[in-house]
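Work through the exercises below with the sequence and the model open. Each task is followed by a solution in steps.

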Amino acid sequence: MSGAVWGPATGVGSLPGGDAREAAKTVTGSFEDFPHLPELPARGPGADMIGRTAGLLVELYARVEPSGWRIGDRPGRDTRRARSWLGEDLDALEEFAQGYQGPLKVQAVGPWTLAAALELRNGEAALADPGACRDLADSLAEGLRGHLAEVRRRVPGARPVLQLDEPSLTAVLAGRVKTASGYRTHRAVDRQLVESALREVVAAAGVPVAVHSCAPDVPFALLRRAGAAGISFDFALLTERDDDAIGEAAEGGTRLLAGVVPSTDGPLSDPASSVMGVRTLWRRLGLNPGTLAESVVITPSCGLAGASPGYARAALAHCVRAARSLADNPE
């Protein structure tokens with residue numbers, strides 16, 4: 001699947017504000033070659049990434065409790081709200097992506113971040129219960145199949161790419177997810193179990209999948225074994241410990257979605273400086289500079305929900321210019 005054509009730059013997912021049409025217009029206008037379905041968490045519960053993905057689950061429902069999202073027996077107001085906002089976002093995307101042909105990215109929370117965030121009836125994270133983790137992964141796989149079919153129906157020329165957001169994955173593997181009391185942490189989940197649940201969701205999607213995490217220590221090798229065609233990360237958090245894994249990923253045809261543009265307000269450097277670190281990394285790894293543009297997709301370092309609307313627009317435009325700089329001057 002990694003041979004699929006991806007665009008040179010895209011967004012991570014979230015944007016500030018609450019106007020779906022404005023967001024769709026911004027994204028389709030900024031990324032002519034690789035737009036994405038925007039997420040607008042400022043609208044409230046159900047538009048946040050956990051609630052939005054909970055709304056996609058099949059035969060599992062979640063509601064908002066003071067402590068967070070909790071799995072319940074039937075769809076309630078919170079599920080309806082999440083689905084309604086997603087419908088609004090898809091309507092807006094359909095309007096502004098009319099006639100679009102090419103890769104189109106949609107995002108959902110991956111099975112392990114979902115298991116760390118969703119509570120069972122007893123208030124503990126689903127992560128504590130292997131059976132609940134399995135059910136969640138199955139339900140998510142089913143829900144994503146339906147969601148991707150809906151995206152294809154609305155934008156018939158699109159080739160969907162699915163991004164699974166897994167910011168908690170490192171904490172799940174390291175046993176750092178806190179219990180409800182906050183005094184203990186859940187046991188680390190076995191790496192093979194983590195890999196197999198991810199593999200199931202990736203395989204069910206039937207489209208190229210990128211896994212996104214803006215935490216340190218992204219498990220590149222594990223994600224590739226699970227079938228990820230792309231890995232999205234905050235470039236500033238890489239250390240030389242990651243060199244071998246990145247080199248192997250690049251040589252194995254995995255797309256690297258490099259988050260090089262800051263996701264919160266601040267001065268933007270010139271586009272060439274934004275990608276200087278990527279060029280330096282390529283040289284250090286002894287990789288062919290000619291492969292840079294096809295291996296790397298330029299993105300913000302994380303979602304832009306915390307940015308001002310003006311900065312968010314500037315950051316997206318900057319990603320496109322930085323990607324062009326990388327393609328024009330790979331050395």
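Residues are numbered from 1 along the chain as its sequence is written. The model is predicted.

**Exercise 1. Overall build**

Task: Find how many helices and strands the chain has, and decide how its radius of gyration stands against the globule rule.

Solution.
- Step 1. The chain comes to 13 helices and 8 strands.
- Step 2. Its radius of gyration is 19 Å, and the globule rule gives 20 Å for 331 residues. The two values are close, so the chain is as compact as a globular protein of that length.
- Step 3. Along the principal axes, the C-alpha atoms fill a box of roughly 55 × 45 × 35 Å.
- Step 4. Of the 331 residues, 56% are buried.
- Step 5. Take the contacts between residues at least 6 apart in sequence: 73% of them join residues at least 24 apart.

**Exercise 2. Helix 7**

Task: Check the length of helix 7 (residues 191–205), then state which of its residues are buried and what covers them.

Solution.
- Step 1. Helix 7 has 15 residues, and at 1.5 Å a residue the expected span is 21 Å. The end C-alpha atoms are 21 Å apart, which agrees.
- Step 2. The buried residues of helix 7 are V194, E195, A197, L198, V201, V202, A204 and A205.
- Step 3. Compare this list with helix geometry: an α-helix has 3.6 residues a turn, so residues three or four places apart point the same way.
- Step 4. The cover over the buried residues includes helix 4 (111–117), helix 5 (130–154), strand 4 (158–165), helix 6 (169–174), strand 5 and helix 8.
- Step 5. Now look at the ends. At the start of helix 7, a side-chain oxygen of D190 comes to within 3.1 Å of the backbone nitrogen of Q192. After helix 7 comes G206, with a positive phi near 70 degrees.

**Exercise 3. Aromatic pairs**

Task: Search the whole structure for aromatic pairs and classify each by its ring planes.

Solution.
- Step 1. The search finds 2 aromatic pairs.
- Step 2. For W6 and F34, the ring centres are 6.1 Å apart and the planes stand at 75 degrees, so this pair is edge-to-face.
- Step 3. W6 lies in the segment before helix 1 (20–30) and F34 in the loop between helix 1 and helix 2, so the pair ties together parts 28 residues apart in sequence. Both W6 and F34 are buried.
- Step 4. For F220 and F233, the centres are 5.4 Å apart and the planes stand at 75 degrees, so this pair is edge-to-face.
- Step 5. F220 belongs to helix 8 and F233 to strand 6 (residues 230–234), so the pair ties together parts 13 residues apart in sequence. Both F220 and F233 are buried.

**Exercise 4. Nonpolar cores**

Task: Identify the residues with the most contacts inside the largest nonpolar core, and list what I298 touches beyond its sequence neighbours.

Solution.
- Step 1. The largest nonpolar core has 98 residues, and W112 and I298 have the most contacts inside it.
- Step 2. Helix 13 (residues 309–328) gives the largest share of this core, 9 residues.
- Step 3. Leave out neighbours within four places in sequence. I298 is then in contact with P8, A9, T10, A258, V260, V275, C319, A322, A323 and L326.
- Step 4. A second, separate core has 7 residues, among them F34, V161, L257 and V297.

**Exercise 5. Positive phi**

Task: Are E59 and D217 buried, partly exposed or exposed?

Solution.
- Step 1. E59, in the loop between helix 2 (49–54) and strand 1 (61–65), has a positive phi near 60 degrees. Its relative accessibility is 69%, so E59 counts as exposed.
- Step 2. D217, in the loop between strand 5 (209–213) and helix 8 (220–225), has a positive phi of about 60 degrees. Its relative accessible area is 39%, so D217 is partly exposed.

How values were computed
This is a predicted model: local features need pLDDT of at least 70, side-chain atom pairs count only at pLDDT 80 or more; totals for chains, interfaces and linings use all residues. Side-chain values use heavy atoms; hydrogens and water are left out. Helices (H or I, at least four residues) and strands (E, at least two) are DSSP runs, numbered from the N terminus. Buried means under 20% relative accessible area, exposed over 50%, partly exposed in between (1.4 Å probe, protein chains only). The expected span of a helix is 1.5 Å times one less than its number of residues. Contact means heavy atoms within 4.5 Å. A polar contact is a pair of N or O atoms within 3.5 Å; within protein, one must be able to donate a hydrogen and the other to accept it, and residues adjacent in sequence count only if both atoms are side-chain atoms. Rings of Phe, Tyr and Trp (its six-membered ring) pair if their centres lie within 6.5 Å; planes under 30 degrees apart count as stacked, over 60 as edge-to-face and the rest as tilted. A nonpolar core is a set of buried Ala, Val, Leu, Ile, Met, Phe, Trp, Tyr and Cys residues joined through side-chain atoms within 4.5 Å. The radius of gyration is taken over C-alpha atoms; the globule rule is 2.2 Å times the number of residues to the power 0.38.
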